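Q: I'd like to learn how to read a model like this one, feature by feature. Can you take me through it?

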Amino acid sequence: MLHRLAKKVDVVKSLKTHYSSDLSRSVSHDVISDQYVCVLVDIFLYSFKTFRDFKLLNTALKICDGILDDGRPIKGLDDVRNSLDLLVKGA
Amino acid sequence: MLRVIPLTVIVYCEECTVARFYLQYLREAGYIAEKVILLLNSEKPRHLSWAWSLAPRLVIAQLRRFTNLTARAHGELREFIDYVGQKFEVKVNLTKKFAYADYCNDFQIEMVDGFYDEKMRLILERQENKLFLYTCGGLVKKSLLSIPDSKFLHIHPGVVPDVKGSDGFWWSLLLKGTPGASCFYMNSGIDTGDIIMTREYALPNLALKNRFSREVIQRGALVAIDPHIRAMLLVDVVKKYEYNLGKVRTLAQSADEGDYYFHMHASLKNRVIDANWA
């Protein structure tokens, strides 16, 4: 599930509010709120810390760089960005 | 005496680094390709396309080559290429015009409007030997893969199925600590073709971190380091199978095996640089 969401970020560069049950297609045009983006980044970081999943760390870094929706500003990512930098250096 | 291997090498753009490495490595191992097809990209640049429509196609292709070669022939990237080049036994010309005709028995030049030009199928269909060595990036269109009696050999920078997708060189170094490559017959999936050989190779000691900027290392690694690994595998494959390259007993991959990776973020590449090239 997390890897499929990461693929949406990396390939589609957008996350919608609703998807089909297997996440193969979006069923909504609305993008997820800033709050949910931050939660997802937190989950990606937790997965990295727990499972050393570099792929999810990579996607989290790209979200912080503004890959989603042509770089729409996302509130609340600043704190995450700092811990991401530390994580990458110490990884 | 050089031996002619039954391969038609597809070179997209004269400045293609990977093709240069493949051909140089083959030659130093005592082989030349049966044929090289050089595809010059005469696609109009997207900006000011109306103005470019006045320029002859050959001029556009030559300008593109000149721009790309010039970027490698000067400045820090050139220093990087020269430094890394000293560390490997096989020396490859990456900064000047390349004499493709010296690396094959038969040489053909064609002009195309980008790699997805419909003309590509016609060009490849007409080849006598349809065992192609694909040297470009990206996906091959199904219309090309379905050319009757054709096979496309590809060397992917990463050991499949563990490392499929983009930036295989960087992901291999991050996840396994050593670069690897895979040779397979391409199919319509991304790096899912039937495997001919996979291998990992040790890199020479490269003290890059204090010599070059991170931007140049990130850019230069794909120009001057990664193609060595892929070319080494190509030579190993050719030495093993020689004239039977088109009918190797392969190992099929299952689609859900292994993992796909996307472009690596610069911060993770920097981590690889710190860990490997201090």
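**Helix packing, burial and the chain contact**

A: Sure, and let's begin with a helix pair: α3 (residues 57-73) and α4 (residues 75-87) of chain B pack with their axes 5 Å apart, at an angle of about 70°. Keep in mind throughout that this is a predicted model.

Q: Why quote those two values for a pair of helices?

A: The general idea is that two packed helices are described by the angle between their axes and the distance between the axes. Angles of 65 to 115 degrees count as roughly perpendicular. So α3(B) and α4(B) are roughly perpendicular to each other.

Q: Which residues make the contact of α3(B) with α4(B)?

A: From α3(B) come B:Ala71, B:Arg72 and B:Ala73, and from α4(B) come B:Leu77, B:Arg78 and B:Ile81. By class, that contact has four nonpolar residues, no polar ones and two charged.

Q: Now a pair in chain A. At what angle do α2 and α4 of chain A cross?

A: Helix α2 (residues 34-51) of chain A and helix α4 (residues 78-90) of chain A cross at roughly 20°, and their axes come within 11 Å. Angles under 35 degrees count as roughly parallel, so α2(A) and α4(A) are roughly parallel to each other. As for handedness, α2(A) passes α4(A) in a left-handed crossing.

Q: And which residues form that contact?

A: On the α2(A) side you'll find A:Cys38, A:Val41, A:Asp42, A:Leu45 and A:Phe48, facing A:Val80, A:Ser83 and A:Leu87 of α4(A). Sort the residues of this α2(A)–α4(A) contact by class and you get six nonpolar, one polar and one charged.

Q: Let's zoom out. How many helices and strands does chain A have?

A: Four helices and zero strands, so to speak an α-α-α-α order when you start at the N terminus.

Q: What does the radius of gyration say about chain A?

A: The idea is to set the value beside the one expected for a compact globule with that number of residues. For 91 residues the expectation is near 12 Å, and chain A, at 13 Å, agrees with it. The C-alpha trace of chain A spans about 40 × 25 × 20 Å along its principal axes. Buried residues account for 25% of the chain A total of 91.

Q: Is helix α3 of chain A buried or exposed?

A: Count its buried residues: 10 of the 11 residues in α3 (residues 54-64) of chain A are buried, so the helix is largely enclosed by the rest of the structure. The buried ones are A:Lys55, A:Leu56, A:Leu57, A:Asn58, A:Thr59, A:Ala60, A:Leu61, A:Lys62, A:Ile63 and A:Cys64.

Q: What covers the buried residues of α3(A)?

A: The cover includes α1 (2-12), α2 and α4 of chain A, together with β9 (260-261) and α9 of chain B. Just after α3(A), look at the backbone too: A:Gly66 has a positive phi of about 95°.

Q: Since chain B takes part in that cover, how many residues of each chain are in contact?

A: Nine residues of chain B are in contact with eight of chain A. On the chain B side, the elements giving two or more residues are α7 (168-176) and α9 (266-276). The most come from α9(B), with three residues. By class, the side of chain B that touches chain A has six nonpolar residues, two polar and one charged.

Q: And chain B as a whole: how many helices and strands?

A: Nine helices and nine strands. Its radius of gyration is 19 Å, which agrees with the value near 19 Å for a compact globule of 278 residues. The C-alpha atoms of chain B fill a box of roughly 50 × 50 × 40 Å along the principal axes. Buried residues make up 37% of chain B.

Q: How do I read contacts between residues that are distant in sequence?

A: Take contacts between residues at least 6 apart in sequence, and ask what share joins residues at least 24 apart: in chain B it is 73%, and in chain A it is 49%.

Q: Can we finish on a single residue? Is B:Lys35 buried or exposed?

A: B:Lys35 sits in strand β2 (residues 31-41) of chain B. B:Lys35 is buried, because 20 other C-beta atoms lie within 10 Å. Leaving out residues up to four places away in sequence, B:Lys35 touches B:Thr8, B:Cys104, B:Asn105, B:Asp106, B:Gln108 and B:Asn129. B:Phe107 is 72 residues from B:Lys35 in sequence, yet their C-alpha atoms are 5.7 Å apart.

How values were computed:
Residues numbered from 1 in each chain as written. Chains lettered and ligands numbered in written order. Predicted model: local features only at pLDDT ≥ 70, side-chain atom pairs only at ≥ 80, totals over all residues. Contact = placed C-beta atoms within 7 Å. Nonpolar A, V, L, I, M, F, W, Y, C, P; charged D, E, K, R; others polar. Rg over C-alpha atoms; globule rule 2.2 N^0.38 Å. Buried ≥ 20, exposed ≤ 12 C-beta atoms within 10 Å, placed from the backbone. Axes fitted to C-alpha atoms, helices over the stretch in contact; angles between N-to-C directions. Parallel < 35°, antiparallel > 145°, perpendicular 65-115°, else oblique. Left-handed = near helix turned anticlockwise from the far one by under 90°.
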